[in-house]
Amino acid sequence: MDKDINGQARLEAHVEKTLHENNVVQKDLINGMMRSEKVSCSYEDGTITFGFPVQPWQANRVGKLHGGMICSAFDMTIAALARFYAGENFAPTISLDVKYVRPAEVGDTLLVTARAVSAGKRITQLTCEAVSRKTGKVVATGASVYMNVDTTKEHK
């Protein structure tokens, strides 16, 4: 999104911290069970891409990846990018809109790319796209809005 010299290093460190939290600290929760992995990140482009292996427990009644799992993969990837832009602030999801394009197969890997459209002082708007690693085809697209909440100023 801009040319901050240290931005890429900060984003890389943030992604590593996020994946550690997801896969180690939260290993028994949905975040850990999703087994997210880093694919790429670009400070200049405002993107993070995580890979999510499509596991048998995530299948729906017809044996394809359950739509809720796609939504979870979107939320995890987008949230990582929204939290990066929020800094020390809390960044809750305001909305997440998902459009399903085609099914994903068990045994495939879902590649989810989140892109910051606008990272403002209070609101961050992002888009996302899930692609099958095996076919390269789009599985789903989405858009999300996150709020940057300054926890030092908010009242309970």
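Tutor: Relative accessible area sorts residues into three classes: buried is under 20%, exposed is over 50%, and partly exposed lies in between (1.4 Å probe, protein chains only). The model is predicted, so local features need pLDDT of at least 70 and side-chain atom pairs count only at pLDDT 80 or more, while totals for chains, interfaces and linings use all residues. Residues are numbered from 1 along each chain as its sequence is written, and side-chain values use heavy atoms, with hydrogens and water left out.

Student: Why is Phe84 called buried?

Tutor: Phe84 has a relative accessible area of 11%. The limit is under 20%, so Phe84 is buried.

Student: How many aromatic pairs does the structure hold, and what makes Tyr43 and Phe84 one of them?

Tutor: There are three aromatic pairs. The ring centres of Tyr43 and Phe84 are 6.0 Å apart, with the planes at 85 degrees. Tyr43 sits in the loop between strand 1 and strand 2 (47-53) and Phe84 in helix 3 (residues 67-86), 41 residues apart, so the pair links distant parts of the chain (helices are DSSP runs of H or I, at least four residues; strands are runs of E, at least two; both are numbered from the N terminus). Rings of Phe, Tyr and Trp (its six-membered ring) pair if their centres lie within 6.5 Å; planes under 30 degrees apart are stacked, over 60 edge-to-face, the rest tilted. Tyr43 and Phe84 therefore pair edge-to-face.

Student: How do you know whether Tyr43 is buried or exposed?

Tutor: The relative accessible area of Tyr43 is 8%, so Tyr43 is buried. Phe84 also forms an edge-to-face pair with Tyr85, at 5.3 Å centre to centre and 75 degrees between the planes. Tyr85, at 21%, is partly exposed. Ring pairs join Tyr43, Phe84 and Tyr85 into a cluster.

Student: What makes Lys38 and Glu12 a salt bridge?

Tutor: Their closest N and O atoms are 2.3 Å apart. Lys38 lies in strand 1 (residues 37-42) and Glu12 in helix 1 (residues 7-25), 26 residues apart, and the pair links distant parts of the chain. A salt bridge needs a side-chain nitrogen of Lys or Arg within 4 Å of a carboxyl oxygen of Asp or Glu, so Lys38 and Glu12 qualify. The structure holds six salt bridges.

Student: Why is Asp28 called exposed?

Tutor: Asp28 has 61% relative accessibility, and exposed means over 50%, so the word applies. Lys27, at 48%, is partly exposed. The side chains of Asp28 and Lys27 meet in a salt bridge of 3.2 Å, N to O.
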